[in-house]
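Got the viewer open? Let's take a walk through this one, a selection at a time.

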Amino acid sequence: MSAKPETDRLRTAGAELRKTAQFRRLLDGDDLEFLLEAHNGITAKIGEEAGFKGLWAGGLCMSAQYGVRDSNEASWTQVLEMLEFMADATRIPILLDGDTGYGNFNNVRRLVRKLEQRGIAAVCIEDKLYPKTNSFIDGNKQQLAEIDEFCSRIKAGKDAQADDDFAIITRVEAFIAGWGLGEALKRAEAYHAAGSDGILIHSALSTPNEILAFKREWADRLPVVIVPTKYYATPTEVLREAGFSIAIWANHLLRAAITTMQDCAATLAREQNLRSIEDSIAPVKEIFRLQGASELQDAEERYLPKDSRSTRAVILAASRGGALGTLTAERPKAMVEIRGQPLLGHIVTAYNAAGIKDITVVRGYRADTVTLPALDYVDNPDYADTSELVSLACALEQTTDIDGDLIVSFGDVIFKRYILDVLMEPAADFVIAVDTNWSASVNRDRAADYVRCSEPHSRHAFYHDVTLAAAGEELADDEIHGEWIGVLRASAEGLPILRALVGEMAAEPANRRAKLHHLLDELVRRGHVVRVVYTTGHWLDVDSLDDVLAAGSFA
Ligand code: SPV
Ligand code: MG
């Protein structure tokens with residue numbers, strides 16, 4: 001039994017026994033305890049969740065998960081790296097299979113210090129020579145270490161540990177190497193004298209004869225640990241009655257995984273579909289659970305700035321765009337391809353580049369063809385008899401959870417991303433971008449959202465907050481200060497006002513075909529301030545076949 005009383009010294013701040021102390025309890029206690037093999041963070045977690053009180057980081061499985069042999073082909077620091085993940089993933093102690101200690105006494109003492117630093121509770125070293133081979137491969141050919149030399153590894157390890165409860169188990173390979181009980185006992189006794197905390201007696205027989213004979217002679221001089229891989233048929237009761245301290249299930253998670261993975265791989269290679277395996281494998285959300293994904297979500301709530309409200313974009317893409325003729329016979333204008341990508345894709349790219357990922361698209365004509373990924377969709381069932389205002393109303397009804405700004409734009413207007421940046425700048429409830437590059441001779445033959453502002457574009461206007469005075473297609477030439485490019489931003493504070501007005505206007509039958517410039521006009525009429533940012537060019541609305549060609553060079 002442990003000589004150390006359980007005191008507060010053994011406890012961490014969380015009132016939980018330190019891992020070294022937990023392992024001591026397992027080793028020194030009267031009951032037979034069990035360690036399960038684990039070889040990475042997720043297997044360690046799985047073992048802990050199954051109820052194991054400790055884990056065995058075995059050389060066989062650790063090397064196998066790296067795809068190499070159990071012959072010290074993985075370096076000891078590579079083992080250490082993996083141990084750190086395992087220790088971080090769990091609160092139960094880990095016993096490292098430290099092979100031969102990776103060298104002589106000097107390597108063992110460095111190993112012990114490093115293991116303590118990484119939160120490993122104990123190490124087992126075996127009395128063979130570096131590089132070792134697995135005990136189940138040509139055991140008879142294996143060379144044992146000189147007893148005195150091996151004892152020097154034990155002594156150096158014990159002298160190196162900073163935590164009194166760190167345990168060094170010594171593994172007697174006499175039976176594996178073809179020696180008898182006498183050699184096994186002689187070695188165990190020498191290791192005991194050198195300061196070992198427990199003996200692991202290993203056997204490759206399919207019966208427990210060797211280990212039972214050893215235990216009978218050894219009695220309780222030190223706790224005895226066993227690895228029943230080969231004598232697996234032995235009833236656990238026999239092991240318990242013999243008084244063993246710990247039994248290690250040394251390779252069973254890896255073997256179980258290998259069988260399952262081989263089956264899965266073969267099925268997928270053969271069937272070439274996922275349906276044949278989906279129901280028999282863990283769902284992705286089980287991976288998230290094992291990784292502790294929800295803790296990160298909670299932490300984000302706690303630590304990330306609260307005002308990180310996210311902006312949502314609404315793209316109105318319900319109309320067909322009949323002027324494009326056969327181009328829009330099978331799809332709406334927003335899905336017409338410009339340089340190999342639908343118009344809508346270019347708009348989404350501009351939003352994404354500005355950090356706006358929450359995007360709702362209002363569909364109408366041939367909604368079934370508007371299926372770009374990572375977008376939210378709202379349908380305007382009355383698209384044929386309604387216009388922009390009703391589409392926006394549909395979107396606002398479905399997006400009641402917006403906690404930041406809203407940007408509204410059209411499915412046939414592409415623009416450079418910087419326009420979004422300038423639109424975000426003013427601290428105002430409503431902001432629109434107005435293109436100054438307008439001339440009556442060029443533009444008047446097409447329908448456009450003309451605006452009159454508080455003052456025309458000029459250097460002087462830079463110092464003023466320019467605001468919208470009126471919007472519409474019918475403004476007289478000398479009243480027009482520019483063309484609204486069809487992008488409107490409502491701040492979090494302006495959004496409720498916008499919602500209420502859109503709801504009210506859309507409920508009016510007379511407004512079935514109202515455009516967004518009617519909405520802007522009404523906002524101004526009711527005394528709300530709509531800020532204007534003047535821009536020049538860098539946007540394009542696609543109304544005609546000529547526009548499609550122009551858009552090709554713009555995009
Ligand atoms: C291991 O699990 O790596 C062991 C036990 O050392 S055995 O494979 O049986 O040698
Ligand atoms: Mg091993």
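Start with ligand 1 and pick out what surrounds it: Trp56, Gly58, Gly59, Leu60, Asp97, Asn134, Ser135, Phe136, Arg171, His202 and Ala250. Keep in mind as you click around that this is a predicted model. Colour that shell by class and you get four nonpolar, five polar and two charged residues.

Next, zoom in on the polar contacts. Select Arg171 and look at its side chain: an N or O atom there sits 2.7 Å from an oxygen atom of ligand 1. Now go to Asp97, where a side-chain N or O atom is 2.8 Å from a ligand 1 oxygen. For Gly59, show the backbone, since that is the part to look at here: one of its N or O atoms lies 3.0 Å from an oxygen atom of ligand 1. How much of ligand 1 does the protein bury? On its own, ligand 1 exposes 280 Å², and the protein buries 100% of that.

Now hide ligand 1 and look at the space left behind. What you have in view is the largest cavity, with a volume of about 170 Å³. Select its lining and you pick up 18 residues. Which of them lie nearest the centre of the cavity? Those are Leu60, Asp97, Asn134, Arg171 and Ala250. You have already met these five names in the shell around ligand 1, and Asp97 and Arg171 also came up for their side-chain contacts with ligand 1. Across the protein, the count is two cavities of 30 Å³ or more.

Last stop: zoom out to the whole protein. Select 20-260 for domain 1, then 312-554 for domain 2, and give each a colour; those are the bounds in the domain assignment. Put a marker at the C-alpha centre of each domain, and the two markers will be 69 Å apart.

Definitions and conventions. Residues are numbered from 1 along each chain as its sequence is written. Chains are lettered from A and ligands numbered from 1 in the order in which they are written. This is a predicted model: local features need pLDDT of at least 70, side-chain atom pairs count only at pLDDT 80 or more; totals for chains, interfaces and linings use all residues. Side-chain values use heavy atoms; hydrogens and water are left out. A residue is near a molecule or strand if one of its heavy atoms lies within 4 Å of it. A polar contact is a pair of N or O atoms within 3.5 Å; within protein, one must be able to donate a hydrogen and the other to accept it, and residues adjacent in sequence count only if both atoms are side-chain atoms. Accessible areas come from the Shrake-Rupley method with a 1.4 Å probe; for residues, only the protein chains shown count as cover. On a 1 Å grid over the protein atoms alone, a cavity is a set of points where a 1.4 Å probe fits but cannot get out, and a pocket is an open set with protein on both sides within 12 Å along at least five of seven lines; lining residues have an atom within 4 Å of a point. A molecule sits in a cavity or pocket if more than half of its atoms lie within 2 Å of its grid points. Ala, Val, Leu, Ile, Met, Phe, Trp, Tyr, Cys and Pro count as nonpolar, Asp, Glu, Lys and Arg as charged, and the others, Gly among them, as polar. Domain bounds come from an automatic or database domain assignment. Grid points are joined across faces, edges and corners, and a volume is the space filled by probe spheres set on the points.
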